[in-house]
2 protein chains.
Amino acid sequence: MEKMKAALLGLGTVGSGVYKLVQKRSDEMVHLIGTELEISKILVHNIKKERPGVDSALLTDNWKEIIEDPEIQIVIEVMGGIEPARTMILEALNAGKNVVTANKDLLAVHGKELLDTAEKNERDLLFEAAVAGGIPIIRPMKQCLAANDITEAIGIVNGTTNYILTKMFEEDMSFEEALAQATELGYAEADPTADVEGLDAGRKMAIMASIAFHSRVVFDDVYTEGITKITAQDVAYAKEFHSVIKLLGVAHNTEDGIEVAVHPMLIDVDHPLASVRDSFNAVFVHGDAVDDAMFYGRGAGEFPTASAVMGDVIDVARNLKYGCTGRISCTCYRDLKIKSFEDVKNRFFLRMQVANEPGVLAQIAKVFGDHKVSIARVVQKKVEASGAELVIGTEKVKERHLKSALDVLKQMDSIHEVSSIIREY
Amino acid sequence: MEKMKAALLGLGTVGSGVYKLVQKRSDEMVHLIGTELEISKILVHNIKKERPGVDSALLTDNWKEIIEDPEIQIVIEVMGGIEPARTMILEALNAGKNVVTANKDLLAVHGKELLDTAEKNERDLLFEAAVAGGIPIIRPMKQCLAANDITEAIGIVNGTTNYILTKMFEEDMSFEEALAQATELGYAEADPTADVEGLDAGRKMAIMASIAFHSRVVFDDVYTEGITKITAQDVAYAKEFHSVIKLLGVAHNTEDGIEVAVHPMLIDVDHPLASVRDSFNAVFVHGDAVDDAMFYGRGAGEFPTASAVMGDVIDVARNLKYGCTGRISCTCYRDLKIKSFEDVKNRFFLRMQVANEPGVLAQIAKVFGDHKVSIARVVQKKVEASGAELVIGTEKVKERHLKSALDVLKQMDSIHEVSSIIREY
């Protein structure tokens with residue numbers, strides 16, 4: 001039987017993992033897909049660079065050698081970034097090739113264009129690795145949970161920030177110390193912005209919400225807020241309230257539109273997501289039939305990501321064998337509106353430094369009341385002559401109502417500082 | 001476009017759930033499978049029984065009406081039990097129909113025969129609901145994790161026993177009290193033997209191990225031990241050791257064979273499985289590429305199980321549309337041997353009542369040493385004139401070595417009772 005040939009675009013961390021995994025599993029492949037699988041070409045920037053363990057004859061810096069090779073049926077895009085990945089994937093699909101990609105940045109923006117092109121050509125475009133790395137989540141949602149009306153998808157989908165928050169909670173590190181350790185261990189990149197500001201998680205949530213709710217959500221639709229402002233005091237209060245703080249991607253399908261955001265949240269220690277520690281990821285889904293389900297594992301890394309990529313490649317190969325590529329394409333058959341984040345309702349944990357004088361609490365309560373913010377609890381802490389700390393928990397309130405109340409409070413002489421504004425799950 | 005027609009065999013809890021879910025999702029189906037899905041016949045014992053909400057014209061007690069109906073392309077078997085389910089599934093596959101089943105009892109014994117018949121006929125035989133109910137686990141293992149060498153699959157795959165153990169840990173109930181509550185809530189059946197003795201979990205582990213290790217494991221290969229002997233004292237000691245007790249299905253692929261068993265185990269509270277509470281199920285998998293992954297959700301119940309069944313039905317319908325039924329059939333391409341349970345190594349937590357006199361510990365230590373059992377820790381508790389309680393933790397020892405040591409100890413006058421023998425994860 002003829003070998004199944006695939007090309008690899010990119011040979012960074014994930015690309016190397018895929019290459020090694022193909023070698024490691026070569027004996028199994030005939031059992032899995034009925035034939036051998038061969039990486040026959042690898043597109044790289046610099047073909048002269050030393051790459052131990054990789055057959056240098058496979059390397060090329062010429063895209064034409066791949067796109068014009070009729071024997072290559074599967075293109076594995078693991079370069080990342082928008083261009084040239086977008087153009088290459090479109091060209092590959094239009095040339096009748098199937099594509100597997102791990103590229104969340106691209107899918108979160110150009111997902112529709114890419115999936116439409118796959119569908120038009122009756123080819124597969126699979127991307128299990130783009131959300132939560134090695135964790136099976138795309139296929140479970142598109143297939144196993146297909147009969148559900150999924151109304152909620154919450155995820156810890158960034159390992160770097162989860163590692164940082166775990167260290168802050170379990171080893172009393174500051175954000176800066178934990179970030180430094182994450183960088184040292186290779187969990188955080190030299191420029192950690194995309195991780196710590198929630199952008200990486202936001203891209204994954206756009207893709208996941210699209211699949212969960214059958215309606216296109218793009219990265220621009222996702223409100224993002226990072227973890228850089230979380231302090232040791234917040235950690236201490238969270239513990240007091242039987243909670244941890246996690247950077248959560250939160251997506252809901254509500255009657256008046258899709259809500260999708262990434263921000264830190266207090267979550268009860270008994271919730272399954274609270275026990276997701278270190279750099280692990282997890283996605284929690286609620287469907288009307290399945291009830292609650294959670295998927296847990298490694299959200300990044302050479303081999304976990306390669307595991308997801310190769311699961312897709314094996315699926316494409318099976319589809320090729322049975323002549324059914326394109327059997328599951330875009331599942332966004334609804335056109336739901338995205339709710340403005342200002343109209344999303346959340347519960348809030350607020351911490352503020354106020355003057356220690358009679359009537360301050362009454363003033364604050366009046367401002368909240370005037371702005372439709374209901375208070376669930378108030379605790380006064382650290383009372384000193386110079387001032388006191390108030391810890392306030394709100395009921396579910398619209399983001400814009402809380403914001404307008406805080407805008408007024410921040411102008412008041414008796415409010416020295418609003419130190420923390422963290423949502424509560 | 002013509003409707004896709006399916007027959008339902010059985011209209012108990014799961015069957016009713018499937019029927020209702022098909023009605024509830026009727027508008028979505030055209031988007032998911034390109035056509036409408038209709039339950040056109042339902043096989044029941046008693047067609048005269050009142051069944052609210054079900055069109056009585058669909059009911060039949062005549063299998064021939066289904067097997068000989070050429071329009072029925074999908075048979076959904078949710079009767080349970082070995083016969084007549086086995087014969088009907090074989091006949092359906094041989095007649096060119098595709099089958100979706102939730103029948104773990106049947107698959108754990110006759111899986112090979114059924115899957116071989118599906119393969120011979122190039123038809124689908126899908127059974128996502130047979131392991132861990134609503135939780136996606138079969139498809140993730142067969143597809144998403146296909147590139148992994150899975151060496152470990154551990155599961156809390158019985159909701160009844162997990163509910164009982166949770167109540168014993170969190171509300172200090174005795175086993176009997178917790179079982180009574182589980183029965184009252186409908187979590188336990190009138191005869192709870194299959195649940196509390198680990199038989200139900202054993203069947204699921206046989207199926208799961210077969211898929212994880214690509215080699216056939218049947219129910220007879222699974223050692224099973226239930227939770228009826230777990231006492232309040234065991235619970236108290238587990239807490240002292242920073243652990244909980246769970247009824248775990250444990251499957252390992254080792255160099256000298258497959259190990260697969262179901263028994264109660266102490267597991268550290270920080271392990272993700274320890275936080276699986278109440279009637280929830282979870283399956284923890286270790287693969288060489290993906291590392292650790294866990295799947296969590298509802299392991300039983302009308303709609304969670306129907307969710308899994310319908311995910312399979314939708315997949316079959318997609319395969320029918322693309323002419324690729326049978327694209328993923330049996331994945332047991334290895335023929336690994338099953339290790340005798342006697343040769344499996346485990347760590348043990350032992351609790352025994354002994355005479356309170358000098359030299360007893362030395363006697364016990366000698367017997368263990370003579371039988372190749374290494375002791376990791378010994379704590380003497382409740383020292384009274386009449387006797388003392390010893391709590392012993394062993395290193396990893398072969399089951400048969402521990403058993404022979406205990407056989408000797410039980411004969412000794414200074415050992416009044418061996419009160420608990422629980423494995424430790």
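Start by selecting helix α4 of chain A, residues 85-94, in this predicted model. Its buried residues are Ala85(A), Met88(A), Ile89(A), Leu90(A), Ala92(A) and Leu93(A). Just past the helix, click on Gly96(A): Gly96(A) follows α4(A) and has a positive phi, near 85°.

Now pick Thr117(A), which sits in helix α5, residues 104-120 of chain A. Is Thr117(A) buried or exposed? Its relative accessibility is 10%, and buried means under 20%, so Thr117(A) counts as buried. Setting aside neighbours within four places in sequence, Thr117(A) is in contact with Leu90(A), Leu93(A) and Asn94(A). Leu90(A) and Leu93(A) are among the buried residues of α4 you just looked at.

Stay in chain A and show the side chains of Arg400(A) and Asp343(A). They meet in a salt bridge, 2.8 Å from N to O. Arg400(A) belongs to helix α14 (residues 399-409) and Asp343(A) to the loop between α12 (302-321) and β13 (345-354), so the pair ties together parts that are 57 residues apart in sequence. Both count as partly exposed: Arg400(A) at 35% relative accessibility and Asp343(A) at 26%.

Next, colour the two chains separately and look at where they meet. Here 53 residues of chain B are in contact with 53 residues of chain A. Together the chains bury about 4600 Å², with 56% of it on carbon and sulfur atoms. How many salt bridges are there between chain B and chain A? The count is ten. One to zoom in on joins Asp288(A) and Lys24(B), with the closest N and O atoms 3.0 Å apart. On the chain B side, α1 (13-24), α2 (26-33), α6 (138-144), β12 (291-298) and α12 (302-322) each supply at least two residues that touch chain A. Of these, α12(B) gives the most, with ten residues.

While both chains are on screen, select Glu128(A), Arg139(A), Asp312(A), Asp315(A) and Arg327(B), which are linked in a network of salt bridges.

Move on into chain B and find Lys239(B) and Asp172(B). Their salt bridge has its closest N and O atoms 3.7 Å apart. This pair links distant parts of the chain, 67 residues apart: Lys239(B) is in helix α11 (residues 232-240), and Asp172(B) is in the loop between α7 (159-170) and α8 (175-184). Lys239(B) is partly exposed at 41%, while Asp172(B) is exposed at 60%.

Last stop: turn on the surface and select Leu361(B), Ile375(B) and Val378(B), which make a nonpolar patch of about 210 Å². Ile375(B) lies in strand β14, residues 375-384 of chain B.

Terms used: Residues numbered from 1 in each chain as written. Chains lettered and ligands numbered in written order. Predicted model: local features only at pLDDT ≥ 70, side-chain atom pairs only at ≥ 80, totals over all residues. Heavy atoms only, no water. Helix = DSSP H or I, 4+ residues; strand = E, 2+ residues; numbered from the N terminus. Buried < 20%, exposed > 50% of the residue type's maximum accessible area, 1.4 Å probe, protein only. Contact = heavy atoms within 4.5 Å. Patch = residues over 30% accessible without salt bridge, like charges linked within 9 Å, V, L, I, M, F, W, Y side chains within 5 Å. Areas by Shrake-Rupley, 256 points an atom, 1.4 Å probe, with all protein chains shown as cover. Salt bridge = Lys/Arg side-chain N within 4 Å of Asp/Glu carboxyl O. Buried area = accessible area lost by both parts, 1.4 Å probe.
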